[in-house]
Amino acid sequence: MDYGNPDLYTTAERLERWRGLAGEDRVEWSEPGSSPNGFWSVFSQAACREVLSPVAPFTSEYGMMIGFDRANPDRSAKDMLVVTDGDRHTWLRRLIGPLMSRTAAGSLRKYIEGEVRVLLERLREDPDANIATAVGPYLPAAAVCEILGVPDADRAHLIGLTNHAFGGEDDLFADKTPRQAHTEILAYFYDLIEERQLRRGDDLVSVLVAEDGISPDEVLLNCDNVLIGGNETTRHAITGCFHALGTVPETLDVLHGDPDAIGLAVEEIIRWTSPAMHVLRVATADVTVAGQEIAAGAPVVAWLPAANQDPNVFDRPGDFIADRSPNRHLAFGHGTHHCLGAALARIELEALLQVLAEQAREVELTQDPEWLRAIVVQGYRSLRTAVRWR
């Protein structure tokens, strides 16, 4: 089976498949197709942790998505945070990390809460809105654009470009390829960088521009990385929050009576939605994973939603259990490349649940969700709900 075929992920059948593969600790080979030379896949939490471990003989420097390998490397390799390793990765992470940390995200909390209230007011005015397009994209875009210093007037344009950059396999975005979207994002940041070279601010673009040892091209690539990483995955967690609440209608009343329980609910939403679908690594030496011998140079894909559906780790993994504990999910990855935007995503979801619990009694699903035809994100094409307000 070619696990890089996006048609495999457009129905809920993928969840049952992932549970079976993870539960059996399977390692599967996909022949050339979606990837020019084929790739291995791992699904269990143990195997995914092993591949992503900082001491494992794997590298991200050839690319992090299906389609890249040693013979077909990502052109951004060694320049963009997610496709660097070693000292360069550590340096970039220390440069970008402070503006994405929990402290920095916490300083945005009031701003994010204000954006949540605006979004929910719009939802009251348009109760039939598609959550996936009318709500999901805007909160993470507002937060990450605030960090990058993107003006309000440009945010809708950049949201559209990130949708195309990650959802390009779906016919919703057929008018523009992912490559074209990335090119337009880079062109936008080229102009913003020129502006920040003349007028510095306290945003991430200004920080990168002011730093010695990073070229303008590297600034461009890492702005693209932060924009897409901070926006595209979290938007589906925001949409998935409404989906999760619709499966257990009493959740909002529970959180209304016990706000301290919101933290556990956030972690469960992140696990249950698992928006980042896969990460790819290339073996730097012969290695055995879950009993399978893997040759040096072979690409290996860790399927994060499968790891988060692993029945050997999670009781009733397919169910949304708001107070699940412990909850050692891999939705943000593992090891050196653990997602820099994790704190920001958590604070966005905390703010959303806090205000929703304050204003709403329950969320009802009025239609089955429709899923994106994509392999990079586990995302929503459409989600229709009815919110019962307090």
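## The core and overall build of a predicted model

In this predicted model, the largest nonpolar core holds 78 residues, and those that touch the most other members are Ile112, Leu148, Phe189, Phe242 and Leu353. Helix α11, which covers residues 216-247, gives the most to this core, contributing twelve residues. As a general background, nonpolar side chains in soluble globular proteins tend to be buried together.

Phe242 shows what such a core position looks like in detail. When its neighbours within four places in sequence are left aside, Phe242 is in contact with Leu120, Leu123, Ile131 and Val135, with Leu352, Leu356, Val363 and Leu365, and also with Leu383, Thr385 and Val387.

The protein chain as a whole contains 15 helices and eleven strands. Its radius of gyration is 20 Å, close to the 21 Å that the globule rule gives for 390 residues, so the chain is as compact as a globular protein of that length. Among contacts between residues at least 6 apart in sequence, 73% join residues that are at least 24 apart. Further values for the protein chain are set out below.

| Property of the protein chain | Value |
|---|---|
| Span of the C-alpha trace along its principal axes | about 60 × 55 × 40 Å |
| Buried share of the 390 residues | 55% |
| Accessible surface | about 16000 Å² |
| Share of that surface belonging to carbon and sulfur atoms | 49% |

Turning to charge, the protein chain carries 36 positive and 59 negative side chains, and the centres of these two sets lie 2 Å apart.

Two residues of one loop can be followed individually. Met64 lies in the loop between β3, residues 58-59, and α3, residues 86-96, and Ser76 is found in the loop between β3 and α3 as well. Not counting residues up to four places away in sequence, Met64 touches Val82 and Val83 together with His278, Val279, Leu280 and Arg281. With the same kind of neighbours left out, Ser76 touches Val83 and Leu221, which means that Val83 is a contact listed for Met64 and for Ser76. Ser76 has a relative accessibility of 12% and therefore counts as buried, since the cut-off for that term is under 20%. Met64 and Arg179 are 115 residues apart in sequence, while the distance between them in space is 16 Å, taken from C-alpha to C-alpha.

Terms used. Residues numbered from 1 in each chain as written. Predicted model: local features only at pLDDT ≥ 70, side-chain atom pairs only at ≥ 80, totals over all residues. Heavy atoms only, no water. Core = buried A, V, L, I, M, F, W, Y, C linked by side-chain atoms within 4.5 Å. Buried < 20%, exposed > 50% of the residue type's maximum accessible area, 1.4 Å probe, protein only. Helix = DSSP H or I, 4+ residues; strand = E, 2+ residues; numbered from the N terminus. Contact = heavy atoms within 4.5 Å. Rg over C-alpha atoms; globule rule 2.2 N^0.38 Å. Areas by Shrake-Rupley, 256 points an atom, 1.4 Å probe, with all protein chains shown as cover. Lys, Arg positive; Asp, Glu negative; His and termini not counted. Charge placed at Lys NZ, Arg CZ, Asp CG, Glu CD.
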